[in-house]
Amino acid sequence: MKFILTTCLLLFVLTFSGCKKLLEIEPQGRQTTATFFTTPATARQGLIAAYKTLQSNYRTNYPGYVRWVFGDVCSDDTRANGGDNPDMIQVEYFVANSTNPFFENAWSTLYQGIHASNLVVEKSPLVQGMDEATKSTYVAEGKFLRAYYYFNLVQIFGGVPLMLQEKLSDYNIPRNSKQEIYSQIEKDLLEAEPNLPNRDAQDKADYGRATKGAAQALLARVYLMQGKFTETETWTKKIIDSRKYSLDPVYYHLFTIDGEYGPESIFEINFQYDARFYDEEGSGDGDGRTRGPLSYGWGYDAPTQDLVDAFEPMDPRKKATVYKTGDILPDGTIADVGTSPTGYLCTKYLILKNEMPDQPKSSGKDQNVFRLGHILLWYAEAANENGRPNEALNALNEVRKRAREGNNQILPDVTTLDKSQLREAIWKEQRVEYATEVFRFFDLLRTNRAAKVLGDYAKKYNDQKGREFKASINELFPVPQSQINLSRGVLKQNPGY
């Protein structure tokens, strides 16, 4: 079972974020902020609305926040596909200007989620007839979601306007600093974490809602992005020591419907296929189509040869991550990647025959956000930086042991205790363990490797990809020009755009 996001509402969102109808499955009648949070039932609908923004992704006409364009396509791991999407290619090549729709839709979608989360935080305590424990959990979930949406914004744009209330007297407010946004994210998560349930106390019908482990994982990632290794080690260790999560013995199982909410899963964005809504209006995941083969998809986010070459010989994760024409896919079909610009497509987002809905652009396949494999490698990195190489090695080799899947002739344990060498080994393992899971570009940024890695890629492959990346400019993307115009110039553009 999943936490099914099946509410209908029309939120009056912040002026500069645009007014958009949230996705619907079962219409319940129009609701406004005046009628939400007046009863336990409408409060639950309001909570669902805050989660609903998570489902926004690439379907048609760029309607949502496309995480993988920023996290994968902008890195050396994947490519946009061909010439049929010039807007995406401009983002990939770092030549997009502030009118590019990928920036506009990231901004507006994430602020829509923030507005819905603010409503949950502000109004849940006032709901008549709802017990105090439920109110406390709702507020914690609202803070978790608000932190998640702001974290995505600050990674993409840097400092952004900080809005923590439903109503503001003036929407034309300036940007807060990057550090102010991070401080608020940390505050929200530290307040949310004690009031969220443990995963093992969560009813199956609520899978997809935030848990204590989800807040801990997001907080660890937030600290890691800032280079706060002491805090990163503390919060990743909390998850590891809780023993509430374990590595799935078969890596590819993580990326199947059967593997959803398995022992390794910490937080997933859940999707539900419904034949009544087979395209933009459904709660299904469009990524299976956009990143899928041309037999039913568009072939975007194509893995590069550079990523393929990063896998060690016979690493089972390679087959579970990438495939080429002629490969035998996990469901037994013969692969055909069509016109992929790299000759590869991504296995993790493949819709297997037994998972195929009537319309693949509305798949019920979830998206992993945080899992134990991520946490172990972030712990390893932090422990190494904090002078605990043995603890780092143990965590790193635990990930490699799972990757071997019982074949002790491959992926030998890493043994070096040299800090620099171990750091490089951990970075390499991160790349292959969670390839195409939207972390790569931000990992390059936080470790100050983006300019070199992307520049080296452009030289090695004589390619435009990476050639235009400029240090001190392209670490951030431009604020959408439409939002600057709506603010009458109060919002200021990032340097270099």
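1. Which residues does F477 touch, not counting residues up to four places away in sequence? In this predicted model, F477 touches F70, C74, V91, F94, F103, I156, F157, F441, N494 and Y497, where contact means heavy atoms within 4.5 Å.

2. On conventions, the model is predicted, with local features needing pLDDT of at least 70 and side-chain atom pairs counting only at pLDDT 80 or more, while totals for chains, interfaces and linings use all residues. Residues are numbered from 1 along each chain as its sequence is written, and side-chain values use heavy atoms, leaving out hydrogens and water.

3. The largest nonpolar core (buried Ala, Val, Leu, Ile, Met, Phe, Trp, Tyr and Cys joined through side-chain atoms within 4.5 Å; buried means under 20% relative accessible area, exposed over 50%, partly exposed in between, with a 1.4 Å probe and protein chains only) holds 108 residues, and F477 and F441 are among the members that touch the most others. Helix α5, residues 132-157, gives the most to this core, with 13 residues.

4. The count of salt bridges (a side-chain nitrogen of Lys or Arg within 4 Å of a carboxyl oxygen of Asp or Glu) comes to 39. One of them joins R431 and D76 at 3.2 Å, N to O, linking parts of the chain 355 residues apart, and both residues are buried.

5. D443 and R221 also form a salt bridge, with their closest N and O atoms 3.0 Å apart, and both are buried. By contrast, in the K244 and D200 salt bridge, at 2.9 Å, K244 is partly exposed at 32% relative accessible area and D200 is exposed at 56%.

How values were computed. Helix = DSSP H or I, 4+ residues; strand = E, 2+ residues; numbered from the N terminus.
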